[in-house]
Amino acid sequence: MDFRKIATIAAMLLLLAPQVGMASSGGAPLPKADWTFKGVFGRFDPAALKRGAQVANEVCLGCHAIKYIKYDHLRSIGLTEAEVKAFAEAQGKNKKDRMLSAMSDADAKESFGVVPPDLSLMTKARKGYENYTYGILTGYLTEAETEMIDNATSDDALSDEEIKQIAAKLHLDAHNPDYVREVVRRIGAGDNFNRYFPGNFFAMPQPLTADAVEYADGTKTTLEQHSNDVVTFLAWAAEPSLEARKSLGIKVILYLILLTVMLFAVKRRVWAKLH
Amino acid sequence: MSKSLMEWVDERIPVSDLIKSQATEYPTPKNLNYWWNFGSLALTVLIIMILTGLFLAMHYKPDAALAFDSVEHIMRDVNYGWLLRYLHANGATFFFIVIYIHILRGMYYGSYRAPREILWWLGIVIFFLMMGTAFMGYVLPWGQMSYWGAAVITNLMSAIPLVGPDLVTWIWGGFAVGDPTLNRFFVLHFLLPFVLFGAVFVHLWALHAVHSNNPVGIDVPHKDTIPFHPYYTIKDVYGVGVLLIVYLSFVFYAPNFFLEPDNYIPANPMQTPAHIVPEWYFLPFYAILRSIDFLGSFSKLAGVLAMGGSIAIWFLLPFLDRSPVRSFRYRPLSRRLFWIFFIDTLILGWVGYNPADATVLDGALPMITIGRTATFIYFGYFVLLWAITAFGIEKPNEVPKSI
Ligand code: HEM
């Protein structure tokens, strides 16, 4: 067979194969949100960034730090001097301070058993990236689901039908009824269930609900909107140079393509003399 | 004026002669295909690695308490620091892509055979240095994968009889991977690329003594050569353009594609990640290591030996291959074996990426079985290549008399 043909086929296999093997790593398949900052021309939505900064400041900082960001940095996403000052003061800080949590590590350990991880790099530090963080924020039980589980457990044992129904709703493995029962028992015991967390239970109680924060720009305050905004903000916090990188990239790549086409033409010309 | 100045220099040190005989007029076979571009591409990437590394080192702090933060400092505060780091991190990946193609080229066209044995061996030495350098570089950002990768790999040394455990403690500079380990890995990571550069120089020296092989694999008389300049200078520079387009597309548009998310979590000795994976370029060898698990207490040592041996065996290729013909283009059986070997290494890489206890086909086929079979085939390549050529089993096709 032809060297090149095989090389291409094999290289493609190499790129596709890992996903095949990794398909089974726990947690439901992540929701795929439409991020404005993906793709070659992707940019952060400035309004979403600003709202997200507010959610992060008012909600997440209650437990988490975003330590690589100082309040002052928020000016580069469009906050005014006065807004920065107000954000910092709301947390008892000034604009030169880092976005640290109000909660001490010791208190966090006592309340949750773990210190909540710093969120500065969160969207880069989990498989699934932004979609994972978005999934975590939106993956808790809805009211309807809580009610369904309450109803199912009001009589003694879970019927097969109920197990199927719960498994489908919560993205659990219906072929493993014992696991579904265990999940239901732990939910009843008050543990934090999340359909996207690998292992389903962890120490973070649902941090965000609809109307958690009041937006100045009048945007609706659904859970999805809040989550979308705060994840956009966290994606910026993880990679503040994203826009600079993408806009420099276009210039560099276009330049290189032009240069390489010319080099190819010269190469053909030089080699033509040989024949 | 400049001409007489050059004459003045040449009388004292013959620079012009050297450039003429070794670069501009250096005779090169006229039939080299694009697979011969990958040597100059490797050199290009090496230079990029040394330059970006040098500037990273000006801002990086090799201290367990500071390393992770210093990399983020580079990413956020240093002017174009994000560019330096992404160039460097993705540069390692492209270095290995280029080198693997370069090595496979050598295997396919029989470039390891007389009179190029020493050239080939130097290449393997360079590859070992590269692996050491990349391994230690990956430890420097001090994320979870840095830490646990270092722990798993250095721990392998403990399998060495008698001195193993003491050796590991000595390498660590303590009883676990820690600050002293990071500090010395930084020093070595800074040093080794320059050693590597020296090895590349000797590699090229050997090349210029025996000259390039070519796709036909026969010795080329002078009349069938062309001067390196302008023919191969322009061809190589064109190749660099293509490489840069691909490489920089990753740097600018998917800079984290080859990096593990876990490495954005600071190293934590108290918390083992669910699934420790080495960098992609080590995966085939890692799979070979793990597939030797059926020898009881001897497994670990055997695994380490198999892993080291899987590369060291390349040293033997000049002796194993007894065919009267160099290039696999005229060797139908060898060619088939080669492609099986190539696909087998990809499978090994895939096995290495998956958890050791994974299965495929709904549990019917354990990953470890695939790994063992692929390891067997990997070594089988070298045995069979020897067998079909030593016993005249392969009947080569007719080789052209000239290129
Ligand atoms: C053979 C060439 C080289 C290879 C294959 C290599 C490989 C690597 C790798 C894989 C990393 C980890 C990247 C990451 O995940 O962030 C790294 C980091 C690093 N390297 Fe190199 N490197 C090379 C040459 C050099 C040289 C010559 C220097 C210094 C003079 C250097 C300095 C550094 C520094 C300071 C870091 C830590 C910063 C970072 O993680 O980005 N490297 N290297």
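**Exercise 1. Prolines and backbone angles in chain B**

Find where Pro230(B) lies in this predicted model, and work out whether the peptide bond leading into Pro230(B) is cis or trans.

*Solution.*
- Step 1: Locate the residue. Pro230(B) lies in helix H10 of chain B.
- Step 2: Read omega for the bond from His229(B) to Pro230(B). The angle is near 5 degrees, and the bond is cis.
- Step 3: Set this against the usual pattern. Most peptide bonds are trans.
- Step 4: Look for another case. The bond from Ala114(B) to Pro115(B) is also cis, with omega near 5 degrees. Pro115(B) sits in the loop between H5 and H6 of chain B.
- Step 5: Turn to phi. Leu361(B) has a phi near 55 degrees, a positive value in a residue other than glycine. Your place to look is the loop between strand S3 (359-360) and strand S4 (365-366) of chain B, where Leu361(B) is found.

**Exercise 2. The second largest pocket**

Describe the second largest pocket by its volume, by the helices of chain B that line it and by the classes of its lining residues.

*Solution.*
- Step 1: Begin with volume, which is about 1,400 Å³.
- Step 2: Find the centre. The pocket is lined by 48 residues, and those nearest its centre are Gly39(B), Ser40(B), His203(B), Leu204(B) and Leu207(B).
- Step 3: Trace the walls. In chain B, helices H2 (15-24), H3 (38-57), H5 (81-108), H6 (117-139), H9 (179-210) and H10 (228-253) each give at least two residues to the lining. H9(B) provides the largest share, nine residues.
- Step 4: Sort the lining by class. There are 29 nonpolar, 16 polar and three charged residues.

**Exercise 3. Enclosed spaces**

How many cavities of 30 Å³ or more does the structure hold, and what lines the largest cavity and the second largest cavity?

*Solution.*
- Step 1: Recall how empty space is found. Rolling a probe the size of a water molecule over the atoms shows where space is left.
- Step 2: Count. The structure holds three cavities of 30 Å³ or more.
- Step 3: Take the largest cavity, with a volume of about 740 Å³. Its lining has 37 residues, and Leu56(B), His88(B), Gly137(B), Leu140(B) and His189(B) lie nearest its centre.
- Step 4: Name the elements around the largest cavity. H3, helix H4 (67-76), H5, H6 and H9 of chain B each supply at least two lining residues, with the largest share, seven residues, coming from H3(B).
- Step 5: Check the classes. The lining of the largest cavity has 27 nonpolar, six polar and four charged residues.
- Step 6: Move to the second largest cavity, with a volume of about 60 Å³. Its lining consists of Ala287(B), Arg290(B), Ser291(B), Val351(B), Pro355(B), Ala356(B), Met367(B), Ile368(B) and Gly371(B). Helices H11 (283-291) and H15 (367-390) of chain B each supply at least two of these residues. By class, the lining has six nonpolar, two polar and one charged residues.

**Exercise 4. Where chain A meets chain B**

Build a picture of the interface of chain A and chain B from its contacts, its buried area and its salt bridges.

*Solution.*
- Step 1: Count the residues. On chain A, 47 residues are in contact with 48 residues of chain B.
- Step 2: Consider area. The size of an interface is often given as the accessible area lost when the parts come together. Here the two chains bury about 4,300 Å² between them, 74% of it on carbon and sulfur atoms.
- Step 3: Look for charged pairs. The rule finds two salt bridges across the interface. One of them joins the side chains of Glu260(B) and Lys127(A), at 3.8 Å from N to O.
- Step 4: Add the polar contacts. Ten residue pairs, both members at pLDDT 80 or more, are in polar contact across the interface.
- Step 5: Map the side of chain A that touches chain B. Helix H1 (3-22), strand S1 (66-70), helix H9 (223-238) and helix H10 (242-272) of chain A each supply at least two residues. H10(A) gives the largest share, 17 residues.
- Step 6: Divide that side of chain A by class. It has 32 nonpolar, five polar and ten charged residues.

**Exercise 5. A salt bridge inside chain A**

Which parts of chain A are linked by the salt bridge of Lys50(A) and Glu83(A)?

*Solution.*
- Step 1: Start from the total. Over all chains, a search of the whole structure finds 24 salt bridges.
- Step 2: Inspect this pair. The side chains of Lys50(A) and Glu83(A) meet at 3.5 Å, N to O.
- Step 3: Place both ends. Lys50(A) is in helix H2 (residues 46-58) and Glu83(A) in helix H3 (residues 81-90) of chain A. The two residues are 33 residues apart, and the pair links distant parts of the chain.

Technical notes:
Residues numbered from 1 in each chain as written. Chains lettered and ligands numbered in written order. Predicted model: local features only at pLDDT ≥ 70, side-chain atom pairs only at ≥ 80, totals over all residues. Heavy atoms only, no water. 1 Å grid on protein atoms, 1.4 Å probe; cavity = no way out; pocket = protein on both sides within 12 Å on 5 of 7 lines; lining within 4 Å. Points joined across faces, edges and corners; volume = space filled by probe spheres on them. Helix = DSSP H or I, 4+ residues; strand = E, 2+ residues; numbered from the N terminus. Nonpolar A, V, L, I, M, F, W, Y, C, P; charged D, E, K, R; others polar. Contact = heavy atoms within 4.5 Å. Buried area = accessible area lost by both parts, 1.4 Å probe. Salt bridge = Lys/Arg side-chain N within 4 Å of Asp/Glu carboxyl O. Polar contact = N/O pair within 3.5 Å; in protein donor to acceptor, adjacent residues only side chain to side chain.
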